[in-house]
Amino acid sequence: MDSNALKARSNAAIDAAADDLIALSMRIHANPELAFNETQAAGWLTSFLGERGFDVTPGIAQMPTAFRAVAGSGAPVVAILAEYDALPGIGHGCGHNIIASAAAGAGIGVRAVIDDTAGAVQIIGTPAEEVYGGKVAMIREGAFDGLDAAIMTHPGSRDSVWAKALACAEVSIEYHGREAHAAAQPERGINALEAMIIAFNAINSLRQHILGTARVHGVITDGGEAPNIVPGRSAASFLVRAEDDAYLEELKARVAACFEAGATATGATLDVRWNVNQYAAMNTNAPIAAAHRRNLATLGRDTLERENPRPLGSTDMGNVSKIVPGIHPTIAIAPPDVNGHSPQFAEYAASDAGKRATIDGAKALAMTAIDILTDADLRREMRAEFERTRAAAPGA
Ligand SMILES: [Zn+2]
Ligand SMILES: [Zn+2]
C-alpha cells in the first residue's frame, strides 16, 4: 500500500480521536505537575493508550512517571516522545500538555496502519524535561536502545522542523565564610555574599569575551540573613549554555574560574556541584526533518527548508539526538511576540490554536513515522546523516 493511503488512514484515525485528544490535553493543562511528580499526566496517558490497544509498561527506567506504550513488533522501530512536566508558578507555560497529547495522537494514527507497515511504534513518556534532564537519566537506563528514530513536537511561536537547542550544564555553588558582628567585629568575618558578588561580576566580565551564542545566567538563592551579620553562607544556581558540546566544556572551565575568584578574594571556601545530567546540543537529523517538513505542508503549515533560528533554549532531546536519529520540530500555537515560559504562553497552550496544533502535530508526527517505517531509502539516508553528524559533534 502506498504511503499516501496509509497517511490518509492515519489522519482519519486521529480525527476520529480528536475530541478525546483535546480533552486529554486540557486535563493535563488544568492540572500542572512539576518534574517527577507528573503522576496524573502519566496515568492519564498510559490509560488512554492502554484502552486503545497499546501494550503499556509504566515506570520504565526506574522512574515512576516514565512509560513505554508499544504497537506492532519487529523492526524498524520509531519512538514518539511525550513530555508532560510543568513549570513552577506558571503551569504549562512551555505547553508540554500539547507535546503529550500530540504524541498520544500520533500513536493512534500509526497504530491504525501498523499492520500494513513493517515494525513498531513506541510512545515513550519522558518526565522532568524542564529541570532535571529526565531523558539523560533514561539514556543511562537504556530506555532508547534499539530505536531507529525518535521524534517529538514542541509548541512554539512558529512552525519549524529545524530546532536549535543549546548544550546546557547546570551548576549549584555555595560559599562558606565566617559569621561575625558586621559592625563590632567586621575584621573577624569572612563574607560569603561578597564572594558570590565577585563571582557574578567575574562572569559579567567574562561574558564580553565569549561567543555571542553562549549563555551564562544565574540566581542567588541564599545571600545571608541580616545586614548586621557578616553572611557566613551564600548559594546560587547557574546555567551555562553553548552552541556545541565542545565549547560548553571550555566555557564551564572559565565559569568555574570565576567561582574560584570569589573564594580567593574573600577567603571563603567554595563548593561546586555540576548536575550530572548535562543537556547536549540538538542534532537535528536532516532527512527526517525534510520528511517532516513535507508532512507539515500537507496540513497547510509551511516551514523553511533549512533554517537557523534563535536557539529555543536547551532540551534533553538533544541527548537523545546523539544516540538515535531524531527531530525536535515546533508547531505554532502563539504569535511571535509571546514569550516562552510565560503565563501568556500557558494560555495559548489551552487556546483554539493550541488545540489545532495538538491535532496537526499528531498527524504530522504520525506521517513522519509512517515515512520512516515504510521507506528503506529514508532509513538509510537518516542513518548515514546521523553517523556523519555524530562524528562531527561528539559527546552527549
Ligand atoms: Zn518545553
Ligand atoms: Zn520549557
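Of the 396 residues of the chain, 55% count as buried, and the model that shows this is a predicted one. The chain has 12 helices and 12 strands, and because its radius of gyration of 23 Å is close to the 21 Å that the globule rule gives for 396 residues, it is as compact as a globular protein of that length. Two zinc ions, ligand 1 and ligand 2, lie 3.1 Å apart and are bridged by Cys94.

**Overall dimensions and contacts**

- Taken along the principal axes, the box filled by the C-alpha atoms of the chain is roughly 85 × 40 × 40 Å.
- Among contacts in the chain with a separation of 6 or more, 80% are accounted for by residues 24 or more positions apart.
- The chain exposes about 16,000 Å², and carbon and sulfur atoms supply 50% of that area.

**The zinc ion (ligand 2)**

- Coordination of the zinc ion (ligand 2) comes from the SG atom of Cys94, from two OE contacts of Glu130 and from NE2 of His341, at 2.1 to 2.6 Å.
- The arrangement of the four donor atoms around this zinc ion (ligand 2) is irregular, because they subtend angles of 54 to 146 degrees, whereas a tetrahedral assignment would require all angles to lie between 85 and 135 degrees.
- Along the chain, the donors of the zinc ion (ligand 2) follow the spacing C-x35-E-x210-H.
- Distant parts of the chain are linked by the pair Cys94 and Glu130, which are 36 residues apart: Cys94 sits in the loop between β3 (77-82) and α4 (96-111), and Glu130 in the loop between β4 (120-125) and α5 (134-140).
- Cys94 is buried, since its relative accessible area is 12% and the cut-off for buried is under 20%; Glu130, at 17% relative accessibility, therefore counts as buried too.

**The zinc ion (ligand 1)**

- For the zinc ion (ligand 1), the protein donors are Cys94 through SG, His96 through NE2 and His154 through NE2, and they lie 2.0 to 2.3 Å from the ion.
- The donor residues of the zinc ion (ligand 1) are spaced C-x1-H-x57-H in sequence.
- His96 has a relative accessibility of 0% and therefore counts as buried.
- Cys94 is named as a donor to the zinc ion (ligand 1) and also as a donor to the zinc ion (ligand 2), in keeping with its bridging position between the two ions.

**Nonpolar cores**

- In soluble globular proteins, nonpolar side chains tend to be buried together.
- The largest nonpolar core in this model has 56 residues, and those with the most contacts inside it are Leu45, Leu49, Phe54, Ile80, Tyr84, Ile123 and Ile151.
- Helix α11 (residues 352-374) contributes the largest share of this core, namely nine residues.
- Another core, of 28 residues, lies apart from the largest one, and its members include Ala167, Ile173, Ile210 and Ala242.

**The surroundings of Asn283**

- Asn283 is found in the loop between β10 (269-274) and α8 (286-297), and because its relative accessibility is 12% it counts as buried.
- When its neighbours within four places in sequence are left aside, Asn283 is in contact with Ser321, Lys322, Gly326, Phe386, Thr389 and Arg390.
- Asn283 and Ile108 are 175 residues apart along the chain, and their C-alpha atoms are separated by 27 Å.

Technical notes:
Residues numbered from 1 in each chain as written. Chains lettered and ligands numbered in written order. Predicted model: local features only at pLDDT ≥ 70, side-chain atom pairs only at ≥ 80, totals over all residues. Heavy atoms only, no water. Donors = N, O, S within 2.8 Å, 3.2 Å for Na, K, Ca; no water. Tetrahedral: all angles 85-135°; square planar, octahedral: opposite > 155°, others 65-115°. Helix = DSSP H or I, 4+ residues; strand = E, 2+ residues; numbered from the N terminus. Buried < 20%, exposed > 50% of the residue type's maximum accessible area, 1.4 Å probe, protein only. Rg over C-alpha atoms; globule rule 2.2 N^0.38 Å. Contact = heavy atoms within 4.5 Å. Areas by Shrake-Rupley, 256 points an atom, 1.4 Å probe, with all protein chains shown as cover. Core = buried A, V, L, I, M, F, W, Y, C linked by side-chain atoms within 4.5 Å.
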